[in-house]
Amino acid sequence: MKTMIYPGSFDPLTNGHMDIIRRAAKLCDVLVVAVLTNKSKQACFSKEERLEMVKDAAGDIPGVEIVTFDGLLVELVRKLDARAVIRGLRSESDFRFEAEMAAANKLMLPTYETCLLPCRIDLAFTSSSIVREVASYGGDISSMVPDIIAGKVSRKLSPRDYSPQQERQQEDK
Ligand code: PNS
């Protein structure tokens with residue numbers, strides 16, 4: 001049974017993530033989508049909210065399991081005996097971060113392997129941060145996130161309740 005892990009903060013899940021989930025699920029027997037914490041980012045949605053959004057949007061895809069995990073990704077890889085970790089690659093600027101992460105994880109776990117999937121060209125500029133920015137101005141995010149979570153994302157990030165400036169200030173701290 002080949003298990004692969006697709007980890008991310010999914011803050012929130014986007015159509016770009018969904019594309020990677022669907023394609024990666026075809027490469028293995030079980031794809032575990034792991035909702036993790038990225039300590040270098042201040043998450044906007046709680047881990048429970050992010051988990052629920054991924055379950056709502058991807059829970060029915062055959063061969064896909066969805067979990068959260070507190071701790072290092074390598075610990076989850078070890079625990080699940082996963083063959084590889086999948087990451088989506090949008091641009092050159094993603095590559096540096098992904099290469100660093102892959103190298104650090106391989107130093108900690110020599111059997112660790114990373115598969116980088118280039119994202120679909122029409123989704124290359126869809127990111128969770130763009131979704132948060134657009135939604136915070138009351139903009140239309142319906143082409144950026146799965147329909148089933150669009151309402152939830154818009155409500156949480158509505159101009160009344162959320163300011164991206166605040167988020168940036170928090171990130172700077
Ligand atoms: O969607 P993101 O924010 O790019 O995902 C990054 C994530 C969550 C996969 C990464 O921060 C992570 O693996 N966090 C778990 C803790 C860990 O293992 N950190 C070391 C990575 S070198």
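This passage walks through the nonpolar cores, one helix, two buried loop residues and the ligand surroundings of a predicted model.

The inside of the protein is a good place to start. The largest nonpolar core has 35 residues, and Ile21, Leu31 and Val33 touch the most other members. Quite a few elements chip in two or more residues to this core: the strands are E1 (3-8), E2 (30-35), E3 (64-68) and E4 (84-89), while the helices are H1 (15-25), H2 (47-58), H5 (128-136) and H6 (147-156). A second core, this one of 14 residues, lies apart from it and includes Val30, Ala34, Val74 and Tyr112. Back in the largest core, Ile21 has contacts well beyond its own stretch of chain. With neighbours within four places in sequence left out, Ile21 still meets Tyr6, Leu13, Leu31, Val33, Ala58, Ile61 and Val64.

Helix H2 is worth a look of its own. With twelve residues at 1.5 Å a residue, H2 should span 16 Å, and its end C-alpha atoms are indeed 16 Å apart, so the two values agree. The buried residues of H2 are Lys47, Arg50, Leu51, Met53, Val54, Ala57 and Ala58. Looking down the axis of H2, these buried residues fall within an arc of 160°, which means they line one face of the helix. The cover over them includes H1, E2, E3 and H6.

Loops can hold buried residues too, as two cases here show. Val145 sits in the loop between H5 and H6. Its relative accessibility is just 1%, and buried means under 20%, so Val145 counts as buried. What does Val145 touch, not counting residues up to four places away in sequence? The list is Leu13, Thr14, Asn15, Val131 and Ala150. Leu13 is 132 residues from Val145 in sequence, yet their C-alpha atoms are 6.7 Å apart in space. The other case is Ser158, found in the loop between H6 and helix H7 (164-172). Ser158 has 12% relative accessibility and therefore counts as buried as well. Setting aside neighbours within four places in sequence, Ser158 is in contact with Ala135 and Ser136.

Last comes the ligand. There are 14 residues around it, and those that come nearest are Ser9, Asn38, Lys41, Leu73 and Arg87. Some polar atoms pair up here as well. A polar backbone atom of Thr37 is 3.1 Å from a nitrogen atom of the ligand. For Leu73, a backbone N or O atom lies 2.8 Å from a ligand oxygen atom. Arg87 uses its side chain instead, with an N or O atom 2.9 Å from an oxygen atom of the ligand.

How values were computed. Residues are numbered from 1 along each chain as its sequence is written. This is a predicted model: local features need pLDDT of at least 70, side-chain atom pairs count only at pLDDT 80 or more; totals for chains, interfaces and linings use all residues. Side-chain values use heavy atoms; hydrogens and water are left out. A nonpolar core is a set of buried Ala, Val, Leu, Ile, Met, Phe, Trp, Tyr and Cys residues joined through side-chain atoms within 4.5 Å. Buried means under 20% relative accessible area, exposed over 50%, partly exposed in between (1.4 Å probe, protein chains only). Helices (H or I, at least four residues) and strands (E, at least two) are DSSP runs, numbered from the N terminus. Contact means heavy atoms within 4.5 Å. The expected span of a helix is 1.5 Å times one less than its number of residues. The arc is that of the directions from the helix axis to the C-beta atoms. A residue is near a molecule or strand if one of its heavy atoms lies within 4 Å of it. A polar contact is a pair of N or O atoms within 3.5 Å; within protein, one must be able to donate a hydrogen and the other to accept it, and residues adjacent in sequence count only if both atoms are side-chain atoms.
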